[in-house]
Amino acid sequence: MLLEGKKLLVTGVLMDSSIAFHVARLAQEQGAEVVLTSFGRTMKITSTIAKRLPQTPPVVELDVSNSEDLDALAERVREHVPHLDGVVHSIGFAPQGAFNFMEAGWEDVSTAVQISAFSLQALAKASLPLMGPGGSIVGLTFDARYAWPVYDWMGVAKAAFEATNRYLARDLGPQGIRCNLVSAGPIRTTAAKSIPGFERFEEEWESRAPLGWDINDPVGAAKACVALLSDWFPATSGEIVHVDGGFHAMGV
Ligand code: NAD
């Protein structure tokens, strides 16, 4: 099995549509022991959804914008597992105002950047006391090289997120820890549905991706996360793996 004996922290399980739910499911099927995080009033939902996984994992509290949660993370995780071999960042949020590029104010933009980009550094730093050589950090992005319809300041936050991944690869590489992202095509999750006009991506993707694309299928993205968490990418860091049906490689 690909993740035999590995201990993983998986953030971002909200519903069973969440990409992170499928990462957790496949990771368990591949032999990993999983701890989930959730926060505030979503703790209850995550705990209910967690029962649908092959083994019900513990859920620890982590709001990535809360410094007390970040400071306590290693201790909270250590109650369940002695160390971590991998961490999955599957967190994104932007206030509605951030989806209007020319009208957005700094308050909305700064929230998007803090929760969707800076949080990768915050999560990595908080997990570091539990990690060692061979460790792997994996996050999820939406190709930030382009200006998209409707994505607006979330797109800018994702560009910062992708840069954060490269700087983390630089600073954690000497400790033998890899940092990589999966750039997924559009998948119908709670986060995606909160973006006004997200359907525009969905139609375009299905027709332009050479492999085709199913917006209801998060398994391809989840499998890539599992592969990057495994020992089968031992010399890869600072990378972005596209799981988008080949869309990113096409011109028109
Ligand atoms: P989702 O709504 O299921 O997951 C988003 C998660 O972020 C939720 O679990 C939510 O609780 C968590 N979150 C939000 N604010 C948080 C905070 N302050 N602290 C901790 N957690 C917080 O949606 P998803 O599509 O599975 O999103 C997961 C990741 O995948 C995100 O980074 C998203 O940008 C990325 N992604 C999604 C798509 C897509 O089309 N769905 C495409 C590419 C990348």
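Student: Which residues form the negative surface patch?
Tutor: This is a predicted model, where local features need pLDDT of at least 70, side-chain atom pairs count only at pLDDT 80 or more, and totals for chains, interfaces and linings use all residues. Residues are numbered from 1 along each chain as its sequence is written, and side-chain values use heavy atoms, without hydrogens or water. A patch takes residues with over 30% relative accessible area and no salt bridge, like charges being joined within 9 Å and nonpolar side chains within 5 Å. The negative patch here is made of Glu199, Glu203, Glu206, Asp214 and Asp217.

Student: What is the relative accessible area of Asp214?
Tutor: Asp214 sits in the loop that runs between helix H7 (199–208) and helix H8 (219–229); helices are DSSP runs of at least four residues and strands of at least two. Asp214 counts as partly exposed (buried is under 20%, exposed over 50%, with a 1.4 Å probe), because its relative accessible area is 40%.

Student: How many salt bridges does the whole structure hold?
Tutor: Let's begin with the rule: a side-chain nitrogen of Lys or Arg must be within 4 Å of a carboxyl oxygen of Asp or Glu. Asp231 and Lys6 form one such bridge, with their closest N and O atoms 2.9 Å apart. The search of the whole structure gives a total of nine.

Student: How many residues apart are Asp231 and Lys6?
Tutor: Asp231 is partly exposed at 47% relative accessibility, whereas Lys6 is buried at 11%. Asp231 belongs to the loop between H8 and strand E7 (239–243), and Lys6 to the segment before strand E1 (7–10). The pair thus links distant parts of the chain, with a separation of 225 residues.

Student: Which helix holds both Arg25 and Glu29?
Tutor: Good one to look up in your viewer. The two side chains meet in a salt bridge of 3.3 Å, N to O, and Glu29 is partly exposed at 39%. They are four residues apart, about one turn, and both lie in helix H1.

Student: Why does the bridge between Glu202 and Arg188 tie together separate parts, and how far apart in sequence are they?
Tutor: Their side chains meet at 2.6 Å, N to O. Glu202 is in helix H7 while Arg188 is in the loop between strand E6 (178–184) and helix H6 (190–193), so the pair ties together parts separated in sequence by 14 residues.

Student: Is Glu202 buried or exposed?
Tutor: Its partner Arg188 is partly exposed at 37%. Glu202 has 6% relative accessibility, so Glu202 counts as buried.

How values were computed
Areas by Shrake-Rupley, 256 points an atom, 1.4 Å probe, with all protein chains shown as cover. Lys, Arg positive; Asp, Glu negative; His and termini not counted. Charge placed at Lys NZ, Arg CZ, Asp CG, Glu CD.
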